[in-house]
Amino acid sequence: MNQIDATDAKLATHEEVCALRYQAIQKSFESGSKRMSRIEYILYALIAVTLLGPGFAAEMLKKILM
């Protein structure tokens with residue numbers, strides 16, 4: 001009976017540790033998603049500048065900021 005109690009205790013500890021790790025992974029995914037969205041918008045702007053030219057991009061920026 002003692003071996004079963006020890007195994008149950010180890011399993012419970014393992015489940016707690018895994019739950020904490022899972023929460024950390026979820027937080028990492030959420031913060032990574034925000035960063036990727038920002039990088040995506042920067043890439044769209046760079047594509048526009050590359051395809052349409054820096055003069056066009058400057059005019060669009062003026063319109064957005066005013």
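**Two helices, one after the other**

The protein chain has two helices and zero strands. Keep in mind as you look around that this is a predicted model.

Let's begin with the overall outline. The C-alpha atoms of the protein chain fill a box of roughly 80 × 25 × 5 Å along the principal axes. The radius of gyration tells a matching story: the protein chain comes out at 25 Å, while a compact globule of 66 residues would sit near 11 Å. As for an interior, just 3% of the 66 residues count as buried. The protein chain exposes about 6300 Å², and carbon and sulfur atoms supply 67% of that area.

Now walk along helix H1. H1 covers residues 2–52, which makes 51 residues. From its first C-alpha to its last, H1 reaches 74 Å, close to the 75 Å expected at 1.5 Å a residue. For a feel of the distances involved, pick Leu 51 and Arg 21: they are 30 residues apart in sequence and 44 Å apart in space, C-alpha to C-alpha. Leu 51 itself has its place in H1. With a relative accessible area of 68%, Leu 51 is over the 50% cut-off and therefore counts as exposed.

What comes after H1? Gly 53 follows the helix, and its phi is positive, near 100°. Then there is helix H2, made of residues 54–65.

H2 is where to look for the salt bridge, and the structure holds one. The partners are Lys 62 and Glu 59, whose side chains meet at 3.8 Å, N to O. Both residues lie in H2, three residues apart, or about one turn of the helix. How accessible are the two partners? Lys 62 has 47% relative accessibility, so it counts as partly exposed. Glu 59 gets the same label, partly exposed, because its relative accessibility is 42%.

The last stop is a nonpolar patch on the surface, formed by Tyr 41, Tyr 44, Ile 47, Leu 51, Leu 52, Phe 56 and Met 60. Together these residues have about 790 Å² of accessible area. Which helix gives the largest share of the patch? That would be H1, with five residues. H2 joins in as well, as each of the two helices supplies at least two residues. Leu 51, the exposed residue we met in H1, is one of the patch members. Met 60 is another member, and this one is found in H2. Met 60 has a relative accessible area of 35%, which means it counts as partly exposed, whereas Leu 51 is exposed at 68%.

So that's the tour: H1 with its 51 residues, Gly 53 after it, a salt bridge within H2, and a nonpolar patch to which both H1 and H2 contribute.

How values were computed: Residues are numbered from 1 along each chain as its sequence is written. This is a predicted model: local features need pLDDT of at least 70, side-chain atom pairs count only at pLDDT 80 or more; totals for chains, interfaces and linings use all residues. Side-chain values use heavy atoms; hydrogens and water are left out. Helices (H or I, at least four residues) and strands (E, at least two) are DSSP runs, numbered from the N terminus. The expected span of a helix is 1.5 Å times one less than its number of residues. A salt bridge is a side-chain nitrogen of Lys or Arg within 4 Å of a carboxyl oxygen of Asp or Glu. Buried means under 20% relative accessible area, exposed over 50%, partly exposed in between (1.4 Å probe, protein chains only). Patches are made of residues with over 30% relative accessible area and no salt bridge: like charges are joined within 9 Å, nonpolar side chains (Val, Leu, Ile, Met, Phe, Trp, Tyr) within 5 Å. Accessible areas come from the Shrake-Rupley method with a 1.4 Å probe; for residues, only the protein chains shown count as cover. The radius of gyration is taken over C-alpha atoms; the globule rule is 2.2 Å times the number of residues to the power 0.38.
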